[in-house]
Amino acid sequence: MFAELAIATILVILTVMIHGAGLFSLARILRLEVREEAAAHLDALSPRGMFATLSVILGLFALHGVEIWLYAFLYEAIGAVQGIRESVYFSTITYAAIGYDDGAMAERWRLVSAIEGINGIILIGWSTAFFVTVVARLRRV
């Protein structure tokens, strides 16, 4: 159990750092875009504004993808799930707290996947708050 908790803690810290850095980078890029939109007096629903919004959404998907793949590589490396495809699938449904079944996961490592589910929900919530803030700021410009 202690090995599971140690590994899960390391992954939580790593994914939170990745997520924080990614959101910071997206915010910096978007801040530049918002300034340019305001200077040009462009509407947030203009093609350029829509492109900025789409870019944020794709950036968030990429961040979550990196975090999901990180767990998947871990599952493959420790032999908790057999095969990278199965590991990515299992990690995706666990991270998003869909969790159809943990039958693919080796019983010894199930606590790691349970913590991945909690971690994923927190990071998805963080992304949602970030996105709502971004959209609100774009509408004010």
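Below, a biologist and a modeller talk through how some labels on this predicted model come about.

Biologist: Let's start with the overall fold. What pattern does the protein chain follow along the sequence?
Modeller: The pattern reads α-α-α-α. The protein chain has 4 helices and 0 strands, and 36% of its 141 residues count as buried.

Biologist: Why is His64 called buried?
Modeller: His64 has a relative accessible area of 13%, and buried means under 20%. The 13% falls under that cut-off, so His64 is buried. This residue is found in helix H2.

Biologist: And what is the C-alpha separation between His64 and Gly120?
Modeller: Their C-alpha atoms are 8.3 Å apart, although the two positions lie 56 residues apart along the chain, counted as sequence separation.

Biologist: Staying in H2, what makes Phe61 count as exposed?
Modeller: Phe61 sits in helix H2, which covers residues 47-78. Its relative accessibility is 61%, and exposed means over 50%, so Phe61 gets the exposed label.

Biologist: Which residues form a nonpolar patch with Phe61?
Modeller: Leu54, Ile57 and Leu58 do. Together with Phe61 they have about 400 Å² of accessible area on the surface. Membership in a patch asks for over 30% relative accessible area, and Phe61 has 61%, so it clears that bar.

Biologist: Why is H2 called oblique to H3?
Modeller: The axes of H2 and helix H3 (residues 84-95) cross at roughly 125 degrees and come within 8 Å. Roughly perpendicular covers 65 to 115 degrees, and roughly antiparallel starts over 145. An angle of roughly 125 degrees fits neither, so H2 is oblique to H3.

Biologist: What is the handedness of that crossing?
Modeller: H2 passes H3 in a right-handed crossing.

Biologist: Moving on to Ala97, why is this residue called partly exposed?
Modeller: Ala97 has 47% relative accessibility. Buried needs under 20% and exposed needs over 50%, with partly exposed in between. Since 47% lies in between, Ala97 is partly exposed.

Biologist: Where is Ala97, and what is its phi?
Modeller: Ala97 is in the loop between H3 and helix H4 (110-140). Its phi is positive, about 60 degrees, although Ala97 is not a glycine.

Biologist: How do you know that Ile122 is exposed?
Modeller: Ile122 has 55% relative accessibility. The cut-off for exposed is over 50%, so Ile122 qualifies. Ile122 is found in helix H4.

Biologist: How far is Ile122 from Ala96 in space?
Modeller: C-alpha to C-alpha, Ile122 and Ala96 are 9.8 Å apart, with a sequence separation of 26 residues.

Technical notes. Residues are numbered from 1 along each chain as its sequence is written. This is a predicted model: local features need pLDDT of at least 70, side-chain atom pairs count only at pLDDT 80 or more; totals for chains, interfaces and linings use all residues. Side-chain values use heavy atoms; hydrogens and water are left out. Patches are made of residues with over 30% relative accessible area and no salt bridge: like charges are joined within 9 Å, nonpolar side chains (Val, Leu, Ile, Met, Phe, Trp, Tyr) within 5 Å. Accessible areas come from the Shrake-Rupley method with a 1.4 Å probe; for residues, only the protein chains shown count as cover. A salt bridge is a side-chain nitrogen of Lys or Arg within 4 Å of a carboxyl oxygen of Asp or Glu. Helices (H or I, at least four residues) and strands (E, at least two) are DSSP runs, numbered from the N terminus. Buried means under 20% relative accessible area, exposed over 50%, partly exposed in between (1.4 Å probe, protein chains only). Axes are lines fitted to C-alpha atoms, for helices over the stretch in contact, and angles run from 0 to 180 degrees between N-to-C directions. Angles under 35 degrees count as roughly parallel, over 145 as roughly antiparallel, 65 to 115 as roughly perpendicular and the rest as oblique. A crossing is left-handed if the near helix is turned anticlockwise from the far one by less than a right angle, and right-handed if clockwise.
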